[in-house]
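I'm opening my notebook on a new structure today. I want to look up its cores, its pockets and how far to trust the model.

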Amino acid sequence: MALRHVTVMAAVCDECGWTALQTSDDRRGAGYRAGRAGWQTFDDSDLAYCPDHWHVKCEQCDREASGSETGLLKAGWRCIDCRSGRALCPDHAKEWRAAWR
């Protein structure tokens with residue numbers, strides 16, 4: 001067995017510093033693998049958030065929140081596309097639910 005120094009790319013949570021176990025030899029591959037494991041990654045920035053610290057922003061009022069997907073849903077947030085940060089805050093989610101009944 002030979003021991004060698006190997007350089008790999010991995011997503012690191014910008015909120016808590018947790019490093020994804022999914023690695024790759026390039027940036028795109030590391031982001032793809034982390035996203036498949038529940039991480040929130042963005043194609044147009046270096047930001048990455050672990051499954052416990054997704055960041056969302058209300059499309060109606062620009063209110064922001066962070067937390068796990070389950071925690072956000074329990075708090076009343078409506079995910080439009082939570083992996084990209086698009087959501088409705090609890091106040092606007094109520095209006096959305098009322099309009100679709």
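**Cores first**

I looked up the largest nonpolar core, and I got 11 residues: W54, V56, C58, L72, W77, C79, C82, A87, L88, C89 and A93. Next I asked which elements each supply at least two residues of this core. They are β5 (54-58) and β8 (86-88). With 3 residues, β5 gives the most to this core.

I then picked A87 from that list and checked what it touches. Skipping its neighbours within four places in sequence, I found A87 in contact with V56, K57, C58 and E59, and also with W77, R78, C79 and I80.

There's another core apart from this one, with 8 residues. I jotted down C13, A34, A48 and Y49, which are among them.

**Pocket hunt**

My next lookup was the largest pocket, and its volume came out at about 540 Å³. I noted 18 lining residues, and the closest to the pocket's centre are R27, G31, T41, F42 and S45. Which elements give two or more residues to this lining? I wrote down β1 (9-12) and α1 (27-36). The largest share is from α1, with 5 residues. Sorting the lining by class, I got 9 nonpolar, 4 polar and 5 charged residues.

**How far to trust it**

Note to self: this is a predicted model. I looked up the mean pLDDT of the protein chain and got 85, with 94% of its residues reaching 70 or more. Going element by element, I found the lowest mean pLDDT, 75, in helix α3 (residues 90-99). Strand β6 (residues 64-67) has the highest, 94.

Note on methods: Residues are numbered from 1 along each chain as its sequence is written. This is a predicted model: local features need pLDDT of at least 70, side-chain atom pairs count only at pLDDT 80 or more; totals for chains, interfaces and linings use all residues. Side-chain values use heavy atoms; hydrogens and water are left out. pLDDT is the predictor's confidence in each residue, from 0 to 100. Helices (H or I, at least four residues) and strands (E, at least two) are DSSP runs, numbered from the N terminus. A nonpolar core is a set of buried Ala, Val, Leu, Ile, Met, Phe, Trp, Tyr and Cys residues joined through side-chain atoms within 4.5 Å. Buried means under 20% relative accessible area, exposed over 50%, partly exposed in between (1.4 Å probe, protein chains only). Contact means heavy atoms within 4.5 Å. On a 1 Å grid over the protein atoms alone, a cavity is a set of points where a 1.4 Å probe fits but cannot get out, and a pocket is an open set with protein on both sides within 12 Å along at least five of seven lines; lining residues have an atom within 4 Å of a point. Grid points are joined across faces, edges and corners, and a volume is the space filled by probe spheres set on the points. Ala, Val, Leu, Ile, Met, Phe, Trp, Tyr, Cys and Pro count as nonpolar, Asp, Glu, Lys and Arg as charged, and the others, Gly among them, as polar.
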